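Trainee: I'd like a close look at one part of this model: the nonpolar core. Please take me through it slowly, then through whatever helps to place it.

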Amino acid sequence: MQKNFIPMKKYFNYLLSTICIALVLVSCGGNENDDDHIYSNQMSLISLIPDRYNVPLSVNPEEQEVIIFKVTNNAGEDITEQSVLYINNVELESNIFTPTELGTFEVYAKYVVNNREFLSDPKTVNVVEGIDYEALYFKHKVLVEDFTGTWCGWCTRIIYALELIEAQTHNVI
C-alpha cells in the first residue's frame with residue numbers, strides 16, 4: 001500500500017516545483033510599461049533648492065551676499081540652465097538672486113519640455129537686517145555641583161571657590 005503513495009508524493013513535489021518556477025519567471029518578466037521605465041525616462045517633477053534661506057542685507061551693495069538656486073528633475077539631473085526662475089512672480093535673469101531690500105520672497109521654477117510645463121514647489125527666502133552671528137551660537141555653561149555627605153555640612157572652601165568662578169564669568173551654574 002505504501003508503494004502507491006511514493007509516486008504521488010513525487011508527482012506532487014514535481015507539480016509544486018513547476019508552479020513555483022513558472023510564477024518566478026512570470027513575475028520577474030517586464031515590459032516597457034513598467035513603472036521603473038516610466039520614471040527613469042520621463043520627467044514627472046522638478047525641485048528648487050536654494051543654497052540658503054536667510055541672507056542679511058548689507059549696507060554696502062558690493063559686499064551683498066547672494067542666494068544661488070539649483071533646479072533638479074526627478075532623476076536628480078541639474079536642469080537649472082534650462083529653467084526659468086520667478087521671485088514674487090517676477091522672472092529672474094539667472095539662478096542668482098542679489099537682494100536689494102528687506103523682506104520675504106517667494107521663489108519657484110518653471111521648466112518646459114515636450115510642450116509640458118513643470119512648476120516646482122515655491123520656496124520662501126528672507127532678506128533680513130544684519131545677523132548677529134554670536135547670538136546664533138549656543139552658549140555652553142558649566143554646571144558645578146557640590147556633593148556632601150550627611151555627616152558633613154557645606155564646605156566653606158567650595159563655596160568660596162564658586163564665588164570666585166562666578167566673579168570671573170557668567171557661564172557657570
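Mentor: Let's start with the core and then work outwards.

First, the ground rules: this is a predicted model, so local features need pLDDT of at least 70 and side-chain atom pairs count only at pLDDT 80 or more, while totals for chains, interfaces and linings use all residues. Residues are numbered from 1 along each chain as its sequence is written, and side-chain values use heavy atoms, with hydrogens and water left out.

The largest nonpolar core has 18 residues; such a core is a set of buried Ala, Val, Leu, Ile, Met, Phe, Trp, Tyr and Cys residues joined through side-chain atoms within 4.5 Å. Buried means under 20% relative accessible area, exposed means over 50%, and partly exposed is in between (1.4 Å probe, protein chains only). Ile46, Leu48, Phe69, Val71, Leu85 and Phe97 touch the most other members. At least two residues come from each of strand 1, strand 3, strand 4 (84–87), strand 7 (103–113) and strand 9 (123–128), and the top contributor is strand 7, with four. Helices (H or I, at least four residues) and strands (E, at least two) are DSSP runs, numbered from the N terminus. As background, nonpolar side chains tend to be buried together in soluble globular proteins.

Zoom in on leucine 85. Leaving aside residues up to four places away in sequence, leucine 85 touches Leu48, Phe69, Val71, Val90, Glu91, Leu92, Ser94, Asn95, Tyr108 and Ala109, where contact means heavy atoms within 4.5 Å.

How confident is the predictor around here? Strand 4 has the highest confidence in the protein, at 94, whereas helix 2 (residues 35–41) has the lowest, at a mean of 47; pLDDT is the predictor's confidence in each residue, from 0 to 100. The protein averages 80, and 82% of the residues score at least 70. Over residues 34–40 pLDDT stays under 50, and the model has four contacts beyond four places in sequence for that stretch. Where pLDDT is low, the predicted coordinates should not be read in detail.

Now for the loops that follow two of the core strands. Asparagine 88 lies in the loop between strand 4 and strand 5 (90–91) and has a positive phi of about 50° although it is not a glycine. Asparagine 114, in the loop between strand 7 and strand 8 (116–119), also has a positive phi of about 50° without being a glycine. Asparagine 88 is partly exposed at 39% relative accessibility, but asparagine 114 is exposed, at 71%.

Finally, the charged pairs. There are two salt bridges, each being a side-chain nitrogen of Lys or Arg within 4 Å of a carboxyl oxygen of Asp or Glu. One joins glutamate 65 to arginine 52 (2.4 Å, N to O). That pair links distant parts of the chain, 13 residues apart: glutamate 65 is in the loop between strand 2 (54–56) and strand 3 (67–73), and arginine 52 in the loop between strand 1 (46–50) and strand 2. Glutamate 65 is partly exposed at 29% relative accessible area, and arginine 52 is partly exposed at 29%. The other salt bridge pairs lysine 110 with glutamate 117, with closest N and O atoms 3.9 Å apart; lysine 110 is partly exposed, at 22%.
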